Amino acid sequence: MIEARGLTKRYGRTVAVESLSFTVQPGRVTGFLGPNGAGKSTTMRLILGLDRPSSGDVLIDGKHYRDLHSPLRYIGALLDAKWVHPNRSARAHLKWLARSNGLPKRRVDEVLELVGLTNVAKRKAGGFSLGMSQRLGIAAALLGDPQILLFDEPVNGLDPEGIHWIRQLMKRLAAEGRTVFVSSHLLSEMAQTADELVVIGRGKLIAQSTTGEFVERASGTSVRVRTPQLERLRTALAGTAGTTVRVDEGALLVNGMTSDQVGEVAATQGVVLHELSPQRGSLEEAFMRLTGDAIEYHAEEAGEHLHMQGTSGGAKE
Ligand SMILES: Nc1ncnc2c1ncn2[C@@H]1O[C@H](COP(=O)(O)OP(=O)(O)OP(=O)(O)O)[C@@H](O)[C@H]1O
């Protein structure tokens, strides 16, 4: 388990992370979500003891990283896939890591196999594509067979096959009972991978909840519905919690109702539907609104949609 309590990091006048408190539990993939510059990498560096917090604390199974005996056996991390020496082969790189951390040499071939790099293990890592470099970084993270894994934007720049592979791997690692903490700036990506989300904006915690709950709140409930009996449906919906906007000839956008609810209203009125689709298109935009301008959001909408955690006093007023 990872536990952050009041974690704050300042670089001069920049506050990268402010009063962050969250927990990351084993057995599930926890997404660490926030726009670029929100403080994700800083937080990960703080977890790994690569930077010291200005105040607050972060513990790994109750201990500071620096107090872990043989840390690679506890926690593995992919922060920057390109830090490998370019003239070293993948195998040489992993062997060096294993030797310098007192890990058994057999793990090198095991992890190469696990990430699908066995056939290119002798090639220089400097010539690797981004996808191969990511795999090598993941192999390094898995070397000590750790129970806790951190991945910083692992799918950035990958092709669809690489993305699919990483998603499956995260899920498998979590299903094995490990703690998996993975960062991303895309809600749509996390929606497909993470069970739980820790969401930050401008260094502050916005929410910690299940992914399903967050997606629902972020997207609001907007449903596109197309029908040849538009006015009839509109009249039927007038008596519900939903509000409707006519978007084109035969289509309405319904806010404040789920697609199930709209479908049921249509059925009871015998209205024929040609389309009934929850609108996720604006999800990313809604998420940017939530995280990009956290203060403004809190002031205007807090309480109504999200239970806020760890936000500053001013934001809650
Ligand atoms: N070493 C540093 N010195 C000065 N400022 C820093 C340093 N590291 C991070 N920052 C600043 O702290 C803030 C958070 O950066 P951080 O890299 O943690 O964000 P991020 O969410 O990981 O974003 P990205 O995905 O773009 O890396 C940014 O404003 C950044 O400029």
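The paragraphs below describe the sheet of this predicted model and then the surroundings of its ligand.

The sheet is open and built from six strands. Read across, the order is β5-β6-β7-β3-β8-β9, with mixed pairing. At the edges lie β5, residues 75-78, and β9, residues 204-210, each of which pairs on one side only. From one strand to the next, the twist averages 15°.

Inside this order, β3 and β7 are neighbours. Strand β3 covers residues 28-33 and β7 covers residues 179-184; the two run in the parallel sense and are joined over six bridges. One position that can be located directly is Val 29, whose bridge partner in β7 is Val 180.

A helix also packs on the sheet: α4, residues 130-142, touches β5 and β6, the latter being residues 148-152. The direction of α4 makes about 170° with that of β5.

The ligand is the next point of reference. Which residues surround the ligand? The shell consists of Tyr 11, Thr 14, Ala 16, Gly 34, Asn 36, Gly 37, Ala 38, Gly 39, Lys 40, Ser 41, Thr 42 and His 185. Two elements, β2 (14-24) and α1 (40-47), give two or more residues to this shell. The largest share, three residues, comes from α1.

Sorted by class, the shell around the ligand holds eight polar residues, three nonpolar residues and one charged residue. Lys 40 is the charged member, and the nonpolar members are Tyr 11, Ala 16 and Ala 38.

Methods: Residues are numbered from 1 along each chain as its sequence is written. This is a predicted model: local features need pLDDT of at least 70, side-chain atom pairs count only at pLDDT 80 or more; totals for chains, interfaces and linings use all residues. A residue is near a molecule or strand if its C-beta atom, placed from the backbone, lies within 6 Å of it. Helices (H or I, at least four residues) and strands (E, at least two) are DSSP runs, numbered from the N terminus. Two strands pair if DSSP finds at least two bridges between them. Axes are lines fitted to C-alpha atoms, for helices over the stretch in contact, and angles run from 0 to 180 degrees between N-to-C directions. Two residues are in contact if their C-beta atoms, placed from the backbone, lie within 7 Å.
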